Amino acid sequence: MFGRFDPFEELNMITDMFLDFFSEGEKRYFPALNLYQNGDKYEVKVIVPGVKKEDLEIEAVEGSLRIKGERKREEDGNYLRQERTSGEFIKTVNIPENVAIDKISATLKDGILTITMPIKEEAKPKKIEVKAN
């Protein structure tokens, strides 16, 4: 349903966890992501508070949706405590085979990036009328 296995997606996740665990000081920023089917479309919701529209890039590449972005660090002076992470991120999601790639759209509202991937018309269930003789 969701296409072929993407070893690079798995490698990205392992690399991200490794770098985050062993990094000193500021942690890297990795937004949470949900993918679900909503009727005749799939939706990806990515939580990206503080990320501006111009700091996001979304590409459909070889059966994958690649989401790149950056939450920039605020330089307000010397931090006494810093829990809010910043930095660049890349998230990759396999695109289901029945998605109309040319109709994928994205919106950013209230810190939530919503990517809508409509299902191809030919892949939608067709109602078949039963006729009586």
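Glu 62 is exposed, with 67% of relative accessible area, and it sits in the loop that joins β3 (56-61) to β4 (64-71). In this predicted model, the phi angle of Glu 62 is near 45°, a positive value in a residue that is not glycine. A second residue of this kind is Asp 110, whose phi is also positive, at about 55°, although Asp 110 is not a glycine. Asp 110 belongs to the loop between β6 (105-109) and β7 (112-118), and with a relative accessible area of 73% Asp 110 is exposed.

**The chain as a whole**

The chain contains one helix and seven strands, and, read from the N terminus, the helix is followed by the strands in the order α-β-β-β-β-β-β-β. Of the 133 residues in the chain, 26% are buried, while the chain exposes about 9900 Å², of which carbon and sulfur atoms supply 52%. When contacts between residues at least 6 apart in sequence are considered, 53% of them join residues that are at least 24 apart.

**The open sheet**

Four strands make up an open sheet, arranged in the order β1-β2-β7-β6 with antiparallel pairing. The edges of this sheet are β1 (33-37) and β6, each of which pairs on one side only. On average, and with direction ignored, neighbouring strands of the sheet are turned by 15° against each other. At one end of the order, β6 and β7 pair in the antiparallel sense over five bridges, and Ser 105 has Thr 116 in β7 as its bridge partner.

**Salt bridges**

How many salt bridges does the structure hold? There are four salt bridges in the structure, and the table describes three pairs, including the N to O distance for each.

| Pair | N to O distance | Relative accessibility |
|---|---|---|
| Lys 72 and Asp 55 | 3.3 Å | Lys 72 48%, Asp 55 17% |
| Glu 57 and Lys 68 | 3.9 Å | Glu 57 39%, Lys 68 28% |
| Arg 66 and Glu 59 | 3.7 Å | Arg 66 29%, Glu 59 27% |

In the salt bridge between Lys 72 and Asp 55, the closest N and O atoms are 3.3 Å apart. Lys 72 lies in the loop between β4 and β5 and Asp 55 in the loop between β2 (41-47) and β3, so this pair ties together parts of the chain that are 17 residues apart in sequence. Lys 72 counts as partly exposed at 48% relative accessibility, whereas Asp 55, with a relative accessible area of 17%, is buried, because buried means under 20%.

The side chains of Glu 57 and Lys 68 also meet in a salt bridge. That pair links strand β3, which holds Glu 57, with strand β4, which holds Lys 68, and the two residues are eleven apart. Both ends of the pair are partly exposed, Glu 57 at 39% and Lys 68 at 28%. Arg 66 forms a salt bridge with Glu 59; Arg 66 is partly exposed, and Glu 59 counts as partly exposed as well.

**A buried loop residue**

Is Ser 86, in the loop between β4 and β5 (87-94), buried or exposed? Ser 86 is buried, with a relative accessible area of 9%. The C-alpha atom of Ser 86 is separated by 9.2 Å from that of Gly 50, a residue 36 positions away along the chain.

Definitions and conventions. Residues are numbered from 1 along each chain as its sequence is written. This is a predicted model: local features need pLDDT of at least 70, side-chain atom pairs count only at pLDDT 80 or more; totals for chains, interfaces and linings use all residues. Side-chain values use heavy atoms; hydrogens and water are left out. Buried means under 20% relative accessible area, exposed over 50%, partly exposed in between (1.4 Å probe, protein chains only). Contact means heavy atoms within 4.5 Å. Accessible areas come from the Shrake-Rupley method with a 1.4 Å probe; for residues, only the protein chains shown count as cover. Two strands pair if DSSP finds at least two bridges between them. Axes are lines fitted to C-alpha atoms, for helices over the stretch in contact, and angles run from 0 to 180 degrees between N-to-C directions.
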